[in-house]
Amino acid sequence: MKSESNNGYIRANVIPEQNENTSPSGQDVPLTGSPLQVTYGPTGSTTVTSILHPTNTRSQVPGITRATSVTRRRRGASARQQMLGIFAVILLAISILILLILVLNTTRECVQEPRPNVCMSEECVRTAASLLSAMDRTVSPCDNFFLYACGTWNRLHVIPEDRSSISTFEVLADQLQVILKRVLEESPNENDNNATLKAKMFYKSCMDIPRIRDIGDKPLKKVLASLGGWPAVIGNSWKPPPYSIEVLLGRLRGEYNEGILMEQWVGPDDKNSSTNILQLDQMQFALPSRDYYLKKNSEAELKAYHRYMTNVAVLLGANPDTAAYEFNRVIALEKKLANASLPEADRHDTSLIYRKLTLRELQEEVPQLQWKVYLQEFVSAPITEDEPVVAYAMPYFLQMGRIVQKTDRRTLHNYIIWRFVMSIMPHMIDEYQQKRTEFRKILSGILSERNRWSECVEWTNRNLGMAVGALFIRDNFNHESKETALEMIRTIREAFNELLAENQWMDDETRTVAKGKADSMNERIGYPEFLKDPVKLSMQYLTLNITEDRFLENVLAVHKYEAYHNLQELRQPVDKDKWSTEPAVLNAFYNPNKNDIVFPAGILQPLFYSQHFPKSLNYGGIGVVIGHEITHGFDDKGRQFDKDGNMMQWWNNATIKAFRERTQCIVDQYSGYKLEEVDLYINGRMTQGENIADNGGLKQSFRAYKKWVSIHGQEPLLPGVNLTHDQLFFLNYAQIWCGSMRREDALTKIRSSVHSPGPVRVLGPLSNSEDFAKAYNCQPGSRMNPIRKCSVW
């Protein structure tokens, strides 16, 4: 018999040998075939008890009674017979006892279940403990799997004052930052090269607060003077510089990598991905999205924004009263520009917003700006009116041109200079930092600035990412994980192709081309090989000048380097083998122009991946990420690009119609999720690409995992978790998204993010998954197993 308390195994408590053969006083007790009684305690343990009945020699052994009457006449003989009789009885009792024990053992072997194969290594125990510590088992997994997987984690992790949210992603990023801090603070040694030395110098200059304080805002004031001054600071004596607004915008783009009024860059032409071309788009606004300028419920944020720019100008010497008035006009201008911009949700169809035209044609359509003057200010190559450009925001440019024409020069200059100053503010300290913190408190709910070392690590990695990556991979990257990831990519790509073959909504011709695209995807894992070549790595930063003791100048030098580095690609063929992502980041990417999936070294760590994890956790972690990025090649944007990275219609109209019907199901489903923090619904249109990728990645990775199991067999279970590996797959996926956010951050995510918030990234894909419902035995119609499900890939 089995019970949950002893895992089904019978435990026999045998009475000690003394109690079987002797009385408590040590005297012999005749055993005359006394029966064995098997009793089961309340916990299901089996106790073997010997019941000793009161002895009655007359009724039990009549012959001995007769012999006893003879002993009066023949004592010697009767004594021997009595001893032999007793001995015979004892032997008989022992034989019966042994026989019953053997029968009992045989019965127990028949009842006993096979012992589960449980991994008890230190790594397995740690992994199990980590999973358990996040879960809230009082919640039904079929009702709300996010709370089931993350309820305890969210209760234990309070949002720090210097954050607008807390999540497992952020915790992992913090762990990565600690590693980067250590490598950046190492003294220069024989392993360093010019690139890694520049990274260490940049970090050191960032940490040198006394020197930064000693220099103060002088470098910023010097730059502002070279840009014609800031009218709000100079006051009534300000005069426009002897050059046009286009020259000012061009200088900011070429020298400081700032795109104001418009974004500009050099990159592959979407319709000819082997050629680099000048590209233009609507600008990124100072606030997270256009809604902050246009929604009536954002007045508090707009007031804080106005106060912020006014306070910064006052610190630089402006009159508080006149500056406040001038920045009212600046905000009115930015509102008009925001209203002219296209909402992000309307920009998902790249083919609809892409427009290739010559510079002459652009000048004719938007005559209010001198486009050639603007471009010649920062492009070193000769520019003619026949220069081709790609514009992604022609409706915006048309309106922006009219707005610029109607706006006075002083207000335009105030706005342009403010946007440059605002980009520098994160690097300022003391009073400037205080004003920024006050603004971020209203905008994001952040109450204090982060530790200085944390900010310096982030800026160094962002600005000199390849050099920092070279330091990181020396001792902190397991190179075997690269081979494991390659094998997982292979199996997940196979799973995608199997699902592709099974879907009924795609025609055969399109399906064949889609398979070709999936098979042609280039995988980039860990880091580019040139990081291990000191000469090649140093060449990467040859034109970047870094000093040990002038941090703000270093920041400006990095901006100029980045602008130069990008603009040099014009007239050059696209290098499709080039990495564009720093290795020490916790993220993954898909590049449609190169048909690349990229998994930097930083993401190949727990919870996503560990060589000590069971395969169920690795497939539920990095496996889903791999599937996610593969699916991006076939989401609402990626599907528009062929296997060579060129935008073209390679689907027939019937398949496109079927695809849109299925994506509309995803849009409607996610639009029904509400963020309670702000009482607002998710924007299903804006997040559809990421939602499609989440759903597809989950399905592909689970299928690949099950195929791995069919080949290699079931893995040992984790101790104490009491979950199958199918269940662990989904649990690990969910725990990647544990976290909570402040109200302000929730509003920002709703308005501006193309990713759904963490809870929705759990609830959405899992409620669409038949595999999940089967693993957790969720009844049809339950919250996590709805009757109507959405599926694209």
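In the predicted model, Tyr590 stands opposite Ile597 of strand 11, a pairing that belongs to the antiparallel arrangement in which strand 10 and strand 11 (residues 596-600) are joined by three bridges. These strands are part of an open, three-stranded sheet with the order 9-11-10 and mixed pairing, whose edges are formed by strand 9 (522-526) and strand 10 (589-591), each of which pairs on one side only. Between neighbouring strands of this sheet the average turn, with direction ignored, is 15°. Helix 24 (residues 480-502) packs on the sheet through contacts with strand 9 and strand 11, and its direction makes about 150° with that of strand 9.

A further open sheet, also with mixed pairing, consists of four strands in the order 5-6-8-7, and its edge positions are taken by strand 5 (262-269) and strand 7 (355-358), each pairing on one side only. The twist from one strand to the next averages 35°. Within this sheet, strand 6 (residues 272-282) pairs with strand 8 (residues 388-391) in the parallel sense over three bridges, and Gln279 has Val390 of strand 8 as its bridge partner. Helix 19 (residues 394-406) lies across strand 5, strand 6, strand 7 and strand 8, and runs at about 40° to strand 6.

On the surface, a nonpolar patch is formed by Val118, Met120, Val125 and Leu717, which together have about 320 Å² of accessible area. Of these residues, Met120 is located in the loop that lies between helix 4 (75-111) and helix 5 (122-134), and Met120 is classed as exposed because its relative accessibility is 58%, where the cut-off for exposed is over 50%.

Definitions and conventions:
Residues numbered from 1 in each chain as written. Predicted model: local features only at pLDDT ≥ 70, side-chain atom pairs only at ≥ 80, totals over all residues. Heavy atoms only, no water. Patch = residues over 30% accessible without salt bridge, like charges linked within 9 Å, V, L, I, M, F, W, Y side chains within 5 Å. Areas by Shrake-Rupley, 256 points an atom, 1.4 Å probe, with all protein chains shown as cover. Salt bridge = Lys/Arg side-chain N within 4 Å of Asp/Glu carboxyl O. Helix = DSSP H or I, 4+ residues; strand = E, 2+ residues; numbered from the N terminus. Buried < 20%, exposed > 50% of the residue type's maximum accessible area, 1.4 Å probe, protein only. Pairing = 2+ DSSP bridges. Axes fitted to C-alpha atoms, helices over the stretch in contact; angles between N-to-C directions. Contact = heavy atoms within 4.5 Å.
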